[in-house]
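Student: I've got this one open on my screen and I'd like to walk through it with you. Can we take it a question at a time?

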Amino acid sequence: AGQTHFTHESPSLSPRSQSESFWLDQPFTAAWSTVQPVKNTSIRRVESKRILIATIGSLGDLHPCLELAVELKRRGRQVTIVSTSYYRSRVEAFGINFQPIRPDWNPTDPELIRQCADLKKGPEVLYRKMLLPELRNTYEDLLSVARHADIMIAGELVYAARLVAEK
């Protein structure tokens, strides 16, 4: 009862059309496969105007976020994407607000890609050398930006998102 339905359909940034639906009855953060309610459970209906989309990773992580952000902006929402500063110009070229979060890396660096693609050591490089050492910084960066958002949608590598949503 009293739910707001949001449907996203736009082929503008990817070769295939994707459709995602969300039922919102309170602020949430989503790791693409899960939706987590934010601590404030007194809110019954959300007409979200300020939406934060957080992603860490490759262009394969960024492009779905851009597609969603463009459509949300077209529907009158204030959208901010937070990611590594390397993507700033790409995001802002679509007229979407951008805020950087750490880790600050170049996700197109061939050596970095080679290391992460290694089947034996790739996950160790990604987690132990890149994500986990920067977890506190990611949390601090995300917390400062999320204070002004009604809804946060976060990719699966943004481990600080759930902590920020519960703050």
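Tutor: Sure, and let's start at Pro-103, which sits in the loop between S7 and helix H3 (110–117). Keep in mind that we're looking at a predicted model.

Student: Which form does the peptide bond from Arg-102 to Pro-103 take?

Tutor: Look at the omega angle of that bond, which is near 15°. With omega there, the bond from Arg-102 to Pro-103 is cis.

Student: Which residues does Glu-134 touch, leaving out those up to four places away in sequence?

Tutor: Glu-134 is in the loop between H4 and H5, and its relative accessible area of 24% makes it partly exposed. Its C-alpha lies 9.8 Å from that of Ile-101, although the two are 33 residues apart in sequence. Once the sequence neighbours are set aside, Glu-134 touches Arg-102 and Pro-103.

Student: Is Thr-138 buried or exposed?

Tutor: Thr-138 belongs to helix H5 (residues 135–146). Beyond four places in sequence, its contacts are Ile-56, Ile-101, Arg-102, Pro-103 and Ala-160. The cut-off for buried is under 20% relative accessible area. Thr-138 has 3%, so it is buried.

Student: How many cavities of 30 Å³ or more are there, and what is the volume of the largest cavity?

Tutor: The count comes to one cavity of 30 Å³ or more. The volume of the largest cavity is about 40 Å³.

Student: How many nonpolar, polar and charged residues are in the lining of the largest cavity?

Tutor: Go through the lining residues: Ile-56, Pro-103, Leu-131, Leu-135, Thr-138, Leu-157, Val-158, Tyr-159 and Ala-160. Tyr counts as nonpolar in this scheme, and so does Pro. Sorted by class, the lining has eight nonpolar, one polar and no charged residues.

Student: How many aromatic pairs are there, and what kind do Tyr-86 and Tyr-87 form?

Tutor: There are two aromatic pairs by the rule used here. For Tyr-86 and Tyr-87, the centres are 5.7 Å apart and the planes are at 75°. Planes over 60 degrees apart count as edge-to-face, so the Tyr-86 and Tyr-87 pair is edge-to-face.

Student: Which of those two tyrosines counts as buried?

Tutor: Compare their relative accessible areas. Tyr-86 has 39%, so it is partly exposed. At 1%, the buried one is Tyr-87.

Student: And what kind of pair do Tyr-127 and Tyr-159 make?

Tutor: Their ring centres are 6.2 Å apart, with the planes at 40°. Planes under 30 degrees apart would be stacked and those over 60 edge-to-face, with the rest tilted. So the pair of Tyr-127 and Tyr-159 is tilted.

Student: How many residues apart are Tyr-127 and Tyr-159?

Tutor: Tyr-127 is in helix H4 (residues 122–131), while Tyr-159 is in the loop between strand S8 (151–154) and helix H6 (161–166). Tyr-127 is partly exposed at 28%, and Tyr-159 is partly exposed too, at 38%. Their pair links distant parts of the chain, 32 residues apart.

Student: Where is Phe-98, and is it buried or exposed?

Tutor: Phe-98 is in strand S7 (residues 97–100). Its contacts beyond four places in sequence include Thr-84, Tyr-87 and Val-91. With a relative accessible area of 3%, Phe-98 is buried.

Student: How far apart are the C-alpha atoms of Arg-75 and Lys-49?

Tutor: Arg-75 is in the loop between helix H1 (59–74) and strand S6 (78–83), and at 36% relative accessibility it counts as partly exposed. Along the chain, Arg-75 and Lys-49 are 26 residues apart. In space, their C-alpha atoms are separated by 9.6 Å.

Student: Where in the chain is confidence lowest?

Tutor: The mean pLDDT of the chain is 80, and 71% of its residues reach 70 or more. Over residues 1–37, though, pLDDT stays under 50. Where pLDDT is low, the predicted coordinates should not be read in detail. Confidence is highest in S7, at 98, and lowest, at a mean of 36, in strand S2 (residues 19–24).

Student: Last one: how many helices and strands does the chain have?

Tutor: Along the sequence, the pattern goes β-β-β-β-β-α-β-α-β-α-α-α-β-α. That gives six helices and eight strands.

Methods:
Residues numbered from 1 in each chain as written. Predicted model: local features only at pLDDT ≥ 70, side-chain atom pairs only at ≥ 80, totals over all residues. Heavy atoms only, no water. 1 Å grid on protein atoms, 1.4 Å probe; cavity = no way out; pocket = protein on both sides within 12 Å on 5 of 7 lines; lining within 4 Å. Points joined across faces, edges and corners; volume = space filled by probe spheres on them. Phe/Tyr/Trp six-rings, centres within 6.5 Å; stacked < 30°, edge-to-face > 60°. Buried < 20%, exposed > 50% of the residue type's maximum accessible area, 1.4 Å probe, protein only. Helix = DSSP H or I, 4+ residues; strand = E, 2+ residues; numbered from the N terminus. Contact = heavy atoms within 4.5 Å. pLDDT = per-residue confidence, 0-100.
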